[in-house]
Every structure is written in structure tokens, then in C-alpha cells.
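This briefing covers sheets, helix packing, internal spaces and unusual backbone geometry in one protein model. Please read it alongside the sequence and the coordinates.

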Amino acid sequence: MRRGRLSFIHWSPPVRHCPRCLDIWRPCAPHDFQRGKNINRKGMRTKSSEKAASDDHGVPLARDAVREGCPPLGLETLKITDFQLHASTSKRYGLGAHRGRLNIQAGINENDFYDGAWCAGRNDLHQWIEVDARRLTKFTGVITQGRNSLWLSDWVTSYKVMVSNDSHTWVTVKNGSGDMIFEGNSEKEIPVLNELPVPMVARYIRINPQSWFDNGSICMRMEILGCPLPDPNNYYHRRNEMTTTDDLDFKHHNHKEMRQLMKVVNEMCPNITRIYNIGKSHQGLKLYAVEISDHPGEHEVGEPEFHYIAGAHGNEVLGRELMLLLMQFLCQEYLAGNLRIVRLVEETRIHILPSLNPDGYEKAYEGGSELGGWSLGRWTHDGIDINNNFPDLNTLLWEAEDRQNIPRKVPNHYIAIPEWFLSENATVAVETRAVIAWMEKIPFVLGGNLQGGELVVAYPYDMVRSLWKTQEHTPTPDDHVFRWLAYSYASTHRLMTDARRRVCHTEDFQKEDGTVNGASWHTVAGSLNDFSYLHTNCFELSIYVGCDKYPHESELPEEWENNRESLIVFMEQVHRGIKGLVRDSHGKGIPNAVISVEGVNHDIRTASDGDYWRLLNPGEYVVTAKAEGFTSSTKNCMVGYDMGATQCDFTLSKTNLARIREIMEKFRKQPVSLPARRLKLQGRKRRQRG
């Protein structure tokens with residue numbers, strides 16, 4: 001593990017320091033965006049002399065022409081605000097300069113407020129889009145895309161780059177004695193990087209399109225690469241300044257590096273960690289998990305089990321890195337005696353699965369943080385989206401409820417997986433099957449799966465009940481609990497509930513405080529959340545941790561600060577509600593006993609030792625425990641506002657029939673059926689009369 005304090009990394013909303021580029025004259029090491037091997041990278045690399053690059057306007061330039069790279073300024077991550085983006089003209093507000101951000105996604109409908117690019121109002125050589133960095137910055141490159149649209153084809157095929165200190169006098173990047181023309185895009189989605197021949201130091205940078213797709217318009221999305229220069233007097237730099245002090249490994253890890261990091265954590269904390277795998281990917285990579293508990297490797301009676309999953313979409317890598325940071329943090333804080341973390345580890349069995357789709361991640365990792373685009377590595381190696389690859393149990397439940405001729409009550413939990421799904425010919429990823437087996441083996445109570453591309457917490461149901469709708473609020477019977485769980489994460493995140501923050505793409509989730517019912521957002525059949533709720537005891541939520549699916553490595557310390565408290569608070573919610581043991585009269589735990597809460601049409605079951613956990617909000621509940629062969633038992637259980645589940649135990653007595661069966665089996669006899677015996681006697685009497 002790389003060590004060293006990270007207190008030198010500062011940030012502010014508009015711009016970010018590059019810790020490797022603080023000196024204007026010192027060349028920087030290459031960053032992640034230079035990793036792409038099969039990406040269209042057409043940037044001209046013709047060297048231009050310092051004299052050609054500067055002129056009488058006096059824009060300061062770097063003297064060292066050595067190839068160097070800087071991280072993104074933050075158009076995609078929203079570090080660059082809408083007020084820092086300007087354009088010559090725009091077709092309309094929804095295609096304004098503020099929409100010219102790398103990987104921004106358009107709304108479902110064209111021509112609304114949230115379209116997929118900046119588009120100029122006219123198609124001529126006088127159009128431009130510019131970024132105000134608000135401080136002197138060493139610009140090193142530009143990344144461009146076309147317009148995100150299902151129906152239209154718009155992209156810029158070539159452009160000029162200009163810089164300025166005052167936004168009035170501009171210097172064009174030169175190629176010898178003439179203006180340099182950079183090759184742009186050849187389609188609308190694959191990002192194209194152009195590096196400047198010589199880094200340019202200025203406050204403003206402007207892109208001036210020179211040609212565009214013949215049948216389209218001037219439209220583009222972009223990211224600017226640059227290293228802000230030190231300026232302690234700059235107001236925008238000082239505002240909301242934050243320092244990261246956690247001594248963690250802030251970098252992107254490929255599969256081998258991830259495994260090595262897990263091993264380091266295990267060696268640091270051997271008494272509370274265990275590494276295991278739940279299966280293999282399509283390409284044979286092991287799906288590694290880390291267990292963190294005071295008794296790793298065993299289920300402790302009365303101790304709830306929690307899990308985090310990340311990387312179902314291989315290109316949504318922030319969740320993966322947050323999981324690796326979290327396991328390091330828990331280990332370090334436990335060793336340091338942090339009482340909150342010690343209590344969490346000793347009272348909870350925590351499982352962390354950081355990469356569910358390692359095959360997809362390796363594809364995204366090859367492209368790099370900026371050049372991978374929006375979809376490279378999203379699917380498994382065999383092209384399956386794990387996020388909606390679980391059995392659709394919603395339809396089975398709702399169809400059963402809608403039938404009028406059902407002789408018995410429809411089960412509302414532990415709904416069986418259909419046989420067709422279990423067959424070898426079913427289109428089911430091996431990664432999906434591994435997760436299902438994992439969740440059936442371990443009695444998880446609460447879980448969160450981390451995703452990317454948005455900033456919101458989504459709770460089930462994820463599938464609409466009305467067949468003809470794509471969006472419809474579809475709550476579970478535990479909607480009040482799910483809302484609280486979602487809010488517990490969103491409200492403690494540094495940005496999710498900030499009413500001043502800009503929407504990531506097209507959705508404003510502020511009306512529900514950074515949370516959303518999955519089906520009211522967009523319907524997904526066969527989601528992990530719905531499957532988990534209907535097939536197991538586990539309450540599962542999807543946590544979208546950032547607008548940028550694959551943030552640059554330099555963004556990881558800040559993203560950790562954004563999510564650290566939320567990650568811990570959400571784990572602590574596993575201790576909210578009631579818990580207890582269901583035992584027989586001899587004190588033996590009863591497995592698979594059903595726990596019902598009056599007024600909530602969703603039951604759970606006890607684990608193999610007879611222990612259970614039922615997530616509930618504060619209040620008084622009528623709870624019933626029942627098991628086959630036992631008389632049911634009902635109690636009033638109170639849930640308070642303080643953290644910590646209320647103990648609510650049950651002792652069940654065997655029914656008379658169960659006792660008779662026990663006795664008869666003891667003496668190797670079958671229990672007598674009284675109705676059958678009565679019928680037999682009546683038949684004998686009729687024969688005697690006849």
C-alpha cells in the first residue's frame with residue numbers, strides 16, 4: 001500500500017489543484033487519460049517554438065516543451081460551474097454552453113431543457129465555446145465528443161484552440177507560423193484527446209470549431225486538461241477549502257492491484273478480516289470479497305450481516321475505489337481504537353465485494369478515466385447487464401395477487417426462483433449466479449450496491465406495476481423504511497442534498513432530498529434490489545455515488561470525503577428495528593420461522609440458528625412469529641429513536657399434532673389420522689348392517 005499523508009491535496013468547487021503540477025516550470029507525470037490503447041487519439045503533436053506560441057499580447061507560457069499531462073479541470077465532475085462556461089451563440093437554452101460537458105446525457109425527449117451538448121446558433125467559423133478557469137492555469141489538452149442524441153448526428157471534426165488572460169485578447173495555439181488545426185471527432189460518442197504541442201498558461205481557454213459533420217451542426221461536449229497554478233489570494237480557491245488527512249491508497253487499481261491491496265489490509269488486520277471469493281467471472285477472474293468482523297469466517301448468533309457491492313457495471317469505477325478505501329479505513333480506525341468503528345466491527349458482520357464485473361472493469365481501465373466514454377466496460381464479457389439480470393419476481397407476485405381464484409394467501413417473501421432461470425441455457429451471467437448463491441447462503445439484513453453516473457439513492461421497487469408505463473411510483477410494503485434508509489445515506493453525503501448543486505444530467509432529485517423510488521425514475525425488470533427484497537431477508541438499495549462514472553485519480557480524495565460518513569452511517573442502519581431469537585420450549589433455535597409485522601405485507605424468516613433481524617422505523621409494532629409444527633406467538637415490540645435494535649424474542653410450543661407425530665415416530669409408527677379412522681369405522685358399520 002502506498003503510504004504518506006494526503007494533507008497537501010486541497011480543493012474548491014470551481015477548480016482543483018494538481019498536486020503534481022504546482023510549479024509552472026516543472027513537467028508533470030502522465031495521468032490516466034493517456035492509457036487508452038484503442039481510442040481515437042488524433043491530437044497533432046507538431047512541436048511549436050516558444051516564440052511561435054507567444055506573441056506581443058504577453059500570455060505566459062511554459063518554457064519546457066517536454067510532453068506532460070494535467071488532470072481534468074472538472075467539466076464532467078461539475079467542478080467547473082455553469083457560470084464558467086460561455087459560448088458565442090446557442091440554438092436554445094437546452095443546448096447552451098452549460099451543456100457542453102464531457103459525457104453529459106440528454107433527456108428522453110429532444111428539444112427540452114436538458115439536451116446532450118452545446119450547439120451553436122449558427123454554423124460558421126465564428127462560433128466558440130470557452131471556459132473561465134478563474135485563475136491562471138497551465139492548459140495541456142482538450143477532449144471532445146459530439147452531441148448525445150438518439151435521433152441526430154452532430155459533431156465537430158476540427159477546431160482551433162485559443163487562450164487569454166482577460167477574455168478580450170486571444171492567442172491561438174500555433175503550428176509553426178500558422179494556426180494549429182486539431183482533428184476532432186468522427187462520431188458522436190467516442191472521446192478524442194488532443195494534447196497541446198506546448199502547455200499554455202492563461203485564465204481562459206476557447207475552442208473554435210473549423211469543420212463539422214456534413215449533415216449535422218456545430219455541437220460538442222468537452223473536457224479541458226489543466227493544472228491550476230498556486231494562488232492563495234484567489235477567492236474561488238479559498239472558498240470551502242478542505243484537507244484530506246486519511247492515510248489511504250488513492251489510486252485506481254486493476255484486478256491484480258486490487259487483490260494485492262486486499263492482502264495488505266488482511267495482513268494489517270488479520271484478526272478482523274478475511275478474504276474469500278464468491279465465484280469467477282466469465283473470463284475466469286475471481287470475484288473477491290473481504291469480510292470485516294471480530295470473528296471473521298463465522299456467523300454469530302444475534303449479529304446482523306451487511307454487504308456492499310460495487311462494479312456491477314464495470315465502467316462505474318468510483319464505487320469500486322470507495323470500497324477499497326473503506327476497507328482500509330475500517331482496518332486503520334479499528335487499530336487506532338476509534339470507538340465508533342470498533343463498535344461497528346464488533347457488532348456487525350460486514351462483507352465488501354468491490355468488483356462484481358471485473359471483466360468489464362479491465363476494458364474500462366484500458367481506456368482510462370476520460371477516454372472510456374459512457375459505456376465501454378459497462379457489460380460483462382458476454383454482453384450482459386448485471387443490473388437487470390436477476391429473476392423477475394415482481395411479475396410472479398403481482399400476477400398471483402391479481403388472480404381471484406387463489407385458495408390461499410399469496411406469499412410476500414422468499415418467492416422461489418423460476419425453473420427456467422436456473423437452467424443452463426438461460427441468459428444469466430455467471431457473475432449473477434454467483435451473487436444469488438452468495439445471498440442465499442448468508443442471511444444479509446441490509447445491503448447497498450454502488451453505481452455511478454448520477455448522485456442519488458434509489459430504493460425499490462425498481463419495476464413498475466403497470467405494464468404500459470415506463471415510470472410509475474411503485475412502493476414496497478416497507479416504503480417508509482426504505483425512504484429512511486435512502487435518506488440516511490443522502491443526507492450525510494456532502495453534496496446529494498445540497499439544493500445549490502447542479503443536476504448531473506437531466507434529473508433533479510432535490511424534491512425527495514437526494515432519493516428516488518427506482519420505478520418512478522425508470523423501470524428495471526430483474527433488478528438486484530427487487531430480487532433481494534422478494535427472495536431474501538435483505539433490504540437492498542442502489543447508491544449512485546457520482547456524476548462522473550470514472551473520475552480521474554486526482555478526484556479520489558475528494559470523492560472519499562464526500563462519501564465517507566455516508567458509507568459508515570448506512571452500515572449503522574442495520575441495527576435499526578427489532579431483532580431476536582425464535583426458540584422452541586427446549587431453548588433450541590427454530591430456523592425458517594416466519595416473522596410478520598401487523599400492517600406490513602412483507603415477512604422475513606429466521607436464520608439457521610433461529611435468530612432474526614427486522615428493519616423498522618421507530619414506533620410500536622404487533623409482531624408474530626410462526627413456524628410449521630408450532631403454535632404462533634404474538635408480541636408488542638417497541639422501536640425507539642436511539643440506534644440499536646430492540647430485542648424481541650419468541651418461544652414457540654409445538655402443536656398437539658406435532659407432538660403426536662413425534663411420539664409415533666419415536667416408536668416407529670405413523671400418526672393416526674382421526675378423520676380417516678372415523679370414516680373407516682363408519683364403513684365397517686354399513687357393511688355389518690348390509
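A pocket here is an open set of grid points with protein on both sides within 12 Å along at least five of seven lines. The model is predicted. By that definition, the largest pocket has a volume of about 1100 Å³. The structure also holds 6 cavities of 30 Å³ or more, and two open sheets are described below, one of 8 strands and one of 4 strands.

**Largest pocket**
- The lining of the largest pocket consists of 35 residues.
- Nearest the centre of this pocket lie Gln105, Ala106, Trp374, Trp521 and His522.
- By residue class, the pocket lining comprises 9 nonpolar, 17 polar and 9 charged residues.

**Cavities**
- The largest cavity encloses about 100 Å³ of space.
- It is lined by 14 residues, and Asn387, Asp462, Val524, Ser542 and Tyr544 are the closest to its centre.
- Strand 17, helix 11 (518-521), helix 12 and strand 20 each give two or more residues to this lining.
- The lining of the largest cavity divides into 5 nonpolar, 8 polar and 1 charged.
- The second largest cavity holds about 80 Å³, and 13 residues line it.
- Asn315, Ser369, Gly372, Gly373 and Tyr550 lie nearest the centre of the second largest cavity.
- The lining of the second largest cavity has 4 nonpolar, 6 polar and 3 charged residues.

**Sheet of 8 strands**
- This open sheet has mixed pairing and the strand order 13-14-16-15-17-20-18-19.
- Strand 13 (273-280) and strand 19 are the edge strands; each has a single partner strand, so one side of each lacks a neighbour in the sheet.
- On average, neighbouring strands of this sheet are turned by 25° against each other, direction ignored.
- Helix 3 (residues 255-268) packs on the sheet and touches strand 13 and strand 14 (286-292).
- The direction of helix 3 makes about 150° with that of strand 13.
- Strand 15 (residues 305-310) pairs with strand 16 (residues 349-353) in the parallel sense over 5 bridges, and Phe306 stands opposite Ile350 in strand 16.
- Helix 12 (residues 528-535) lies across strand 15, strand 17 (444-451), strand 18 and strand 20 (539-546).
- Helix 12 runs at about 160° to strand 20.

**Sheet of 4 strands**
- The second sheet described here is open, with antiparallel pairing and the order 23-22-25-26.
- Its edges are strand 23 (600-605) and strand 26 (633-639), each with a single partner strand, so one side of each is left without a neighbour in the sheet.
- Neighbouring strands of this sheet are turned by 30° against each other on average, direction ignored.
- Strand 22 (residues 594-597) and strand 25 (residues 619-626) form an antiparallel pair over 4 bridges; Ile595 stands opposite Ala625 in strand 25.

**Backbone geometry**
- Most residues other than glycine have a negative phi, and most peptide bonds are trans.
- Asn103 has a positive phi, near 65°, and is found in the loop between strand 2 (85-87) and strand 3 (118-119).
- The relative accessibility of Asn103 is 2%, and Asn103 therefore counts as buried.
- Asp513 also has a positive phi, near 55°, and lies in the loop between helix 10 and strand 19 (515-517).
- Asp513 is partly exposed, at a relative accessible area of 38%.
- Pro460 and Tyr461 are joined by a cis peptide bond with omega of about 5°.
- Tyr461 lies in the loop between strand 18 (454-459) and helix 10 (479-490).

Note on methods: Residues are numbered from 1 along each chain as its sequence is written. This is a predicted model: local features need pLDDT of at least 70, side-chain atom pairs count only at pLDDT 80 or more; totals for chains, interfaces and linings use all residues. Side-chain values use heavy atoms; hydrogens and water are left out. On a 1 Å grid over the protein atoms alone, a cavity is a set of points where a 1.4 Å probe fits but cannot get out, and a pocket is an open set with protein on both sides within 12 Å along at least five of seven lines; lining residues have an atom within 4 Å of a point. Grid points are joined across faces, edges and corners, and a volume is the space filled by probe spheres set on the points. Ala, Val, Leu, Ile, Met, Phe, Trp, Tyr, Cys and Pro count as nonpolar, Asp, Glu, Lys and Arg as charged, and the others, Gly among them, as polar. Two strands pair if DSSP finds at least two bridges between them. Axes are lines fitted to C-alpha atoms, for helices over the stretch in contact, and angles run from 0 to 180 degrees between N-to-C directions. Buried means under 20% relative accessible area, exposed over 50%, partly exposed in between (1.4 Å probe, protein chains only). Contact means heavy atoms within 4.5 Å.
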